[in-house]
Amino acid sequence: GAVRVGIDGDRIATIWIDSPGTSVNTLSTATWDGLDAAVGQIEARKPRGVVIVSAKPRSFIAGADLFELDAMTDAVLAAWLARGQAILDRVAALPMPTVAAIQGDALGGGLEVALACRYRIVIDEARIKLGLPETTLGLVPGWGGTFRLPRLVGIERALALLVSGKSLAPREAAEIGLVDRVVERDDLLRVATECMRSDFLPPPLASENASHVLDVCGRFRQATRERSGDHLPAPLRVIDIVETGIRDGHDAAMEAERAGLVELRRSAAGKQLLRMFFLRTAAKKKAMAEAAGTARPVQSVVVLGGGT
């Protein structure tokens, strides 16, 4: 299946994410089924700690399966989001330490899985991207990211990432507290088990006073409207959802995420931005298929010009 669980002699459980037949992991229905069963095993067997890691050498989880998402009715999509939210709430509620050991891109739903863990450690490779890029597809995060990210890094930094959809390299993510440790590739699983020690504690969660929240959300709304008017509804909607979560709490945030994602997928901007994503993906596959032959070894490179 897409998810496997192993428990070693030290009673450390490892949840391996491994989408079949692909080089990257996505959160398909099959992956959620596997995670649901894996969390059930953890709840029943009560190991000393849990590591969530990818079986793919260059990918953590690249986000939702957008082809599956695109084919769903509104009702099926809302139920799919609610199920993922509930599974990650169970991960967040586990009584033992949980560590996301990230060895490749953790984007969208992939970062939301990592945010549900107590610790996040990532390999020190600048090509790795961590972020919630949903607004660039005309959508919003749907699995708790709008709620957990502000509590981890503060509302200002969270909105800067959520509104822009910008991704961070591992060291940038560590600077803002999005990840706890940046490690060498060979040290990933060793450091993950070190996090189980009680003396390694995550920083306290951010709390914001109400007037500060209103001020920050107001500034982001104004800047977003100046940049794109009301043509791109997703960045404005994500500000509303973050504000709802901070003001009204977890359940309201989850409901706002689900409603926002379902409605935005139906919007003109959402449909066109998703269509662009599918066209780009198809174009890349076609180019790969047509570029026959073997790559030539590059011995030296010359760079001309000093412009942008």
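In the predicted model, Lys 56 and Asp 18 form a salt bridge, with the closest N and O atoms 2.8 Å apart. The pair links distant parts of the chain, 38 residues apart: Lys 56 lies in the loop between β3 (49–54) and β4 (59–61), and Asp 18 in the loop between β2 (12–17) and α1 (29–45). Lys 56 is buried, at a relative accessible area of 8%, whereas Asp 18 is partly exposed at 22%.

A salt bridge also joins the side chains of Asp 74 and Arg 265 (2.9 Å, N to O). Here helix α3 (residues 74–93), which holds Asp 74, is linked to helix α11 (residues 250–266), which holds Arg 265, across a separation of 191 residues. Arg 265 is buried, with 9% relative accessibility; Asp 74 is partly exposed, with 25%.

The salt bridge between Asp 215 and Arg 219, with closest N and O atoms 3.6 Å apart, lies within helix α9 (residues 210–228), its partners being 4 residues apart, about one turn of the helix. Asp 215 and Arg 219 are partly exposed, at 41% and 38% respectively. Asp 33, Asp 36, Glu 43, Arg 83 and Arg 90 are joined into one network by salt bridges that share partners. The whole structure contains 23 salt bridges.

The largest nonpolar core comprises 86 residues, and Ile 15, Leu 130, Leu 149, Leu 159 and Leu 178 have the most contacts inside it. Beyond its neighbours within four places in sequence, Leu 178 contacts residues including Leu 111, Leu 115, Arg 120, Leu 130 and Leu 149.

At the surface, Val 298, Val 301 and Val 303 make a nonpolar patch of about 350 Å². Val 303, in the segment after α12 (268–290), is exposed because its relative accessible area is 70%, over the 50% cut-off.

How values were computed
Residues numbered from 1 in each chain as written. Predicted model: local features only at pLDDT ≥ 70, side-chain atom pairs only at ≥ 80, totals over all residues. Heavy atoms only, no water. Core = buried A, V, L, I, M, F, W, Y, C linked by side-chain atoms within 4.5 Å. Buried < 20%, exposed > 50% of the residue type's maximum accessible area, 1.4 Å probe, protein only. Contact = heavy atoms within 4.5 Å. Patch = residues over 30% accessible without salt bridge, like charges linked within 9 Å, V, L, I, M, F, W, Y side chains within 5 Å. Areas by Shrake-Rupley, 256 points an atom, 1.4 Å probe, with all protein chains shown as cover. Salt bridge = Lys/Arg side-chain N within 4 Å of Asp/Glu carboxyl O. Helix = DSSP H or I, 4+ residues; strand = E, 2+ residues; numbered from the N terminus.
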